[in-house]
Amino acid sequence: MASEAGGPSFLARLLFVLVGIAFFGAAWVWYRKDSDPRAARLVERVSGKQHGAASAP
């Protein structure tokens, strides 16, 4: 678990950093989806929805 000095272990810190990078990367792609066609395709592929398509009634 935690070392004698206290605080999370190296593996836990690495995991938190990687999750943070993934979160900010996803937020950046979501922000760019309207101006970057590659980002729009990635959002479409991940969400399974057509970006900018009219919603079905």
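A residue counts as buried here when its relative accessible area is under 20%, and as exposed when that value is over 50%.

**Figure 1. The whole protein, a predicted model, has two helices and zero strands.** By the cut-off just given, 11% of the 57 residues are buried. The accessible surface adds up to about 5300 Å², and carbon and sulfur atoms account for 67% of that area. The close-ups below take us through each helix in turn.

**Figure 2. A nonpolar patch lies on the surface, with L11 as one of its members.** Along with L11, the residues F10, L14, V17, L18 and I21 build this patch, which spans about 650 Å². L11 itself sits in helix α1, the stretch covering residues 10–32. Is L11 buried or exposed? Its relative accessible area is 64%, so L11 is exposed.

**Figure 3. Helix α2, residues 37–47, has A39, A40 and V43 as its buried residues.** These three share the same side of α2, because they cover an arc of only 100° around the axis. A general point helps in reading this view: an α-helix has 3.6 residues a turn, so residues three or four places apart point the same way. Helix α1 is among the elements that cover the buried residues of α2. Turn to the other side of α2 and you will find P37, R38, R41 and R45, which are exposed.

**Figure 4. D36 caps the N-terminal end of α2.** What does the cap consist of? A side-chain oxygen of D36 lies 3.2 Å from the backbone nitrogen of R38. The side chains of D36 and R38 also meet, forming a salt bridge with an N to O distance of 4.0 Å. In general, side chains of opposite charge can pair when their charged atoms come close. The salt-bridge count for the protein is one. The two partners have contrasting surroundings: D36 counts as buried because its relative accessibility is 13%, whereas R38 counts as exposed because its value is 60%.

**Figure 5. G48 follows helix α2.** Here we look just past the helix, at the backbone of G48. The phi angle of G48 is positive, with a value near 80°.

How values were computed:
Residues numbered from 1 in each chain as written. Predicted model: local features only at pLDDT ≥ 70, side-chain atom pairs only at ≥ 80, totals over all residues. Heavy atoms only, no water. Patch = residues over 30% accessible without salt bridge, like charges linked within 9 Å, V, L, I, M, F, W, Y side chains within 5 Å. Areas by Shrake-Rupley, 256 points an atom, 1.4 Å probe, with all protein chains shown as cover. Helix = DSSP H or I, 4+ residues; strand = E, 2+ residues; numbered from the N terminus. Buried < 20%, exposed > 50% of the residue type's maximum accessible area, 1.4 Å probe, protein only. Arc of directions from axis to C-beta. Contact = heavy atoms within 4.5 Å. Polar contact = N/O pair within 3.5 Å; in protein donor to acceptor, adjacent residues only side chain to side chain.
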